[in-house]
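User: Hi! I'm new to reading structures, and I'd like to understand the words people use for them. Could we go through some together?

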Amino acid sequence: MNKVLALATMILPVIYLAQTSLESTTYFQQKVDHTIKVELNDMLHELDAEITTTYTNNSPKELSEIWMHLWPNAYSSGKTALAKQQYRDGDLFMYYAIAKDLGGIDGLDFHVNGSDVEWMYDEENPDIAVIKLNTPLYPGESLEIHTPFKVRIPSGKISRLGHVKQSYQITQWYPKPAVYDCDGWHAMPYLGQGEFYSEFGTFDVYITLPDNYTVGATGDMPAGSVDNDAEKLRLDAIDAETRKHLDEEDNDLSFPATSENTKTLHYHQENVHDFAWFADKRYMVLKDQVELPHSGRSVTTWAMFTSNEKELWAKSSDYLNKSTFYYSLWNGDYPYNHVTAVDGTISAGGGMEYPNVTVIGESGTDFQLNVVIAHEVGHNWFYGILGSNERVNAWMDEGLNSFNETRYLTEYYEGKDLGLISNRLKPKLIEKLDLDEFEYRWIDELSYLLPARLGADQPLQCHSDDFSSTNYGAMVYKKTAAVFGFMKQYLGEERFDKAMQAYFEEWKFKHPSPSDLQASMEKSCGEDLSWFFEGWIKTNNHNNWAVCKATETDNGLEVSIKNIGEHVSPVEVVAYNGDVEVGTAWVEPSEPGTKATVKINTEEATHVVVDPGRYDLDYDRKNNYSRTSGVLKKVEPLQIRALTRLEDGSKTQLFVVPTLGWNMHSGFMSGLALHNITVPMRDLEWYANPMMGVSEGEFTLNGTASISLSKGPWMARARGSRFYNDETLGWHLADIYYGKAPMHRLSFEVNRKFNQVVNSPWKSSLGYEYATRFGYPDEHVFTDNSTTQQSHKLRFEASKSNGDIVGFKQNIGIEARFYDLNLYEHSNWLPLPPEGIKDNHNLVAMLNYSADYRLNKRGKRIKMSFLCAYSHSLSEEGNFQLPTNGFGARNDVMGDHLLLERDAQDGLLSRQAPNLYGAMPIEMYAKTWFTSLRFDYNITQSIDLFCGGIVMDLDTLYEDYDAIMGMTYKLGILKFQLPLLSLTQNNESRLPLRKWTFSLNLRDLNPNSLIRKTL
Ligand SMILES: [Zn+2]
């Protein structure tokens, strides 16, 4: 090979690589300037407008098309991406919306530089379109896009563009180019979650509307135009009028008549990426101003509100001023001239941010109004000025903003203890619930731990639409707030603020990415922060530190601690003498599994605590404590309380709950449940509930106990119970002769959940349970024979809801259970006693499927349930008969259910049946198999009609019904099923009401499931 050629082949790729990497790393940003003329028609709730957009291509590539957002079309039908997102989150308003509730954009006629152009809607999304340019737009060149447009303003109940009568919220309302950056075009449909990514530019907007409307909008009103000058005087007059009547009671929310005269207001703003406006004829106005901390420049603050929550809004100027001040102080001065908050009744969350102007929903309390105003004002920095891509990096605006919000509130209330819900609870109750020490910022930690302990947390770095709506709040907002709180604690306030201000200066009016934030902060601190961005942002790994040993040495205290978590992290160790802090030390960022030793220069420490301020989102704080001397060094001080409390890692928490119960043979029972179950749930939870019963003058010892260990999607649990009964297996008369005895049931189960994290409509789980049951009255007869029964069960369950078909839910369960039982052998019922005991091995397979369809807006439903079971004998004894009412095999032979009277032959209590998996409500026994199909239709909240049929193995012990009709009456955990009409296979009709049953799911009453259910 020729040397020159060889060299060229080596050099060319290098040049090429250098070029492409240069291309992909060189930051550029398009400039998009708009001039919009718009007129509001408040009779038809329409906008009539035209827009001219000057688009400047600052990219290194030529563009042959421009992608446009036509977001009002997100409201145009029940099939848009927005509608689908709402169904998934259980909101069916758009699905059932009528034409007048919906909205859209039309009348579009795009021209580029005055010429006709070809343009078309995106195939999937009516709120996206693409304009095909007649000639390419070269780097550095500009073009002008012009179109008229009409907007039908949708109902304010859907999302953020809308009207409630004549109160208008005009947001995301005009044709707007999608962002083009180094990753290409970012055309995206409007969604309620992770809305924004837009190009910066200058807006000139001329709004024509009846002259008695008050408008809050993005931008300044330049002096010089007659209407602008008059409007400024008008606003000052309303401000003066509002102040005069601020204390007066006023509940008038009616709309005054619309004025015949119109006005045209001109708004101008540079360096913003969006323009929103709000118009209402009822607005009162409070105008104020705030001096910025760094530049000393003055910013006007406007509050515009109706009399709906007037008494709360009376203080809103203070919230606006102080939030503008503190966000400026910590992040960099507010660069625009006004901050406006308007009162609006929007459905989508408590408030919404737009440049300069934010809309605030109904608040209820002073505190809540302050929270929402501060949060939305804060978005001027995180979303507005720092225009990150919220669809893919939502944590960069919602999260950083929430961090500042928590910090602002702590500052605003000056350390006055805000606690968890202190603005709602009475001080006495706060003390009683041990909440008086609870710090406000710990809510962020708690919000993270709730899903994390259920194995349902997600990495912060996820696409907005991949978060469940719960996790969008818990992760994007709260976890980000908590981890940046940790970062501030780690760097110290001064370094942290300097780093955030450096980020602000470097990236204001631009589109920063996560790596830009990291680079900016690292440059400012001169420190590698990849442990933070790799671990906390990109993964949902858990952080967990444990104290190994704290020993006093000649030159101070030596503490060795270990990173038993899943990612690299630093941590703070603090030494105490009683309640007094006597020394502190930081452990450098350390790999998982490493042990570190720190020296704390103190001689009088009594104990050490890892991260006592609760900054580092420690997954388990039960291993963060150690005394420096004595025995049981690592056992935290004991806290015994009634019911339950929030988890407190610095204490060994034990709770006591009084319990009551009753069943036929144990009698009335009372006892105390001891448990360690807190909020949030712990990985290791246990409870023990011994109960003393009195039956026929005799004392009975009863109770239940459980211990479970969860690890992400895995859960292992052991349970035990003991209750009296007079049941026998296969020999019904024994109780007459031998009375009652305690029945013990022990079980061990392992369960694995699937698809719990991803925003998939499917959820599924696979579980195994071993159960054993012993202790019968029969043992009086065969004292030398064990009558232990056991079973192995494998069950798979899956459910799908909020999938493609709105309002349609499906459940499927597949179960196989092997029974290893000792049953009495007897040739007939009498004589007594029976002849012996025989092993009976039986396999029962079961399949259940249900489909539930919501028929209308009010939640009327129809449900179909299918159940089939098959019993197969593995021993010579023959197979079990299958009860058709959902027990599985025989009459709850393994004691799975808590029954008021086991094996009741007649009377009220014999009517108790669990009726699981849509089983038919009449107890029958199929010889080897049965299949049933049933339909339920709810006529009221508590009454359902049902009908169904069953086919089974004909060789049964009792009558066989083929079809049943009846009704269900629901009362909490109690459910009555009343068969009204039945048809046997002999075509014989009868009234089977006497076969009514009830189900009572007592297992749901244990403290563990109660707490889990309420969360
Ligand atoms: Zn927000």
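User: What makes the packing of helix 11 and helix 12 oblique?

Analyst: Good place to start! In this predicted model, helix 11 and helix 12 (residues 493–507) pack at an angle of about 120°, with axes 6 Å apart. Angles from 65 to 115 degrees count as roughly perpendicular and those over 145 as roughly antiparallel. The angle of about 120° fits neither range, so helix 11 is oblique to helix 12. Their crossing is right-handed.

User: Which residues make that contact?

Analyst: Helix 11 brings F484, M487, K488 and L491, while helix 12 brings E493, R495 and F496. By kind, the residues of this contact are four nonpolar, no polar and three charged.

User: Why is helix 10 called oblique to helix 11?

Analyst: Try the same reasoning. Helix 10 (residues 442–453) and helix 11 (residues 469–491) pack at about 135°, and their axes are 8 Å apart. Roughly antiparallel would need an angle over 145 degrees, and roughly perpendicular ends at 115. The value falls in neither class, which makes helix 10 oblique to helix 11. The crossing of these two helices is left-handed.

User: What does each helix bring to that contact?

Analyst: From helix 10 come D444, E445, S447, Y448 and P451; from helix 11 come N471, A474, M475, K478, K479, A481 and A482. They divide into six nonpolar, two polar and four charged residues.

User: How do you know that the zinc ion is coordinated by H375, H379 and E398?

Analyst: A donor atom has to lie within 2.8 Å of the zinc ion. The NE2 atoms of H375 and H379 and two OE entries of E398 are at 2.0 to 2.7 Å, so they meet that cut-off. Along the chain, the donors follow the spacing H-x3-H-x18-E. H379 sits in the loop between helix 7 (366–378) and helix 8 (394–412), and E398 is in helix 8, 19 residues apart from it.

User: Why is the arrangement around the zinc ion called irregular?

Analyst: For four donors to be tetrahedral, all angles must lie between 85 and 135 degrees. Here the four donor atoms subtend angles of 53 to 156°, so the arrangement is irregular.

User: What is notable about the phi of N356?

Analyst: N356 has a positive phi of about 70° although it is not a glycine. This residue lies in the loop between strand 22 (351–353) and strand 23 (357–360).

User: And which residues does a cis peptide bond join?

Analyst: V679 and P680, with omega about -5°. P680 is found in the loop between strand 33 (667–675) and strand 34 (684–695).

How values were computed
Residues numbered from 1 in each chain as written. Predicted model: local features only at pLDDT ≥ 70, side-chain atom pairs only at ≥ 80, totals over all residues. Heavy atoms only, no water. Axes fitted to C-alpha atoms, helices over the stretch in contact; angles between N-to-C directions. Helix = DSSP H or I, 4+ residues; strand = E, 2+ residues; numbered from the N terminus. Parallel < 35°, antiparallel > 145°, perpendicular 65-115°, else oblique. Left-handed = near helix turned anticlockwise from the far one by under 90°. Contact = heavy atoms within 4.5 Å. Nonpolar A, V, L, I, M, F, W, Y, C, P; charged D, E, K, R; others polar. Donors = N, O, S within 2.8 Å, 3.2 Å for Na, K, Ca; no water. Tetrahedral: all angles 85-135°; square planar, octahedral: opposite > 155°, others 65-115°.
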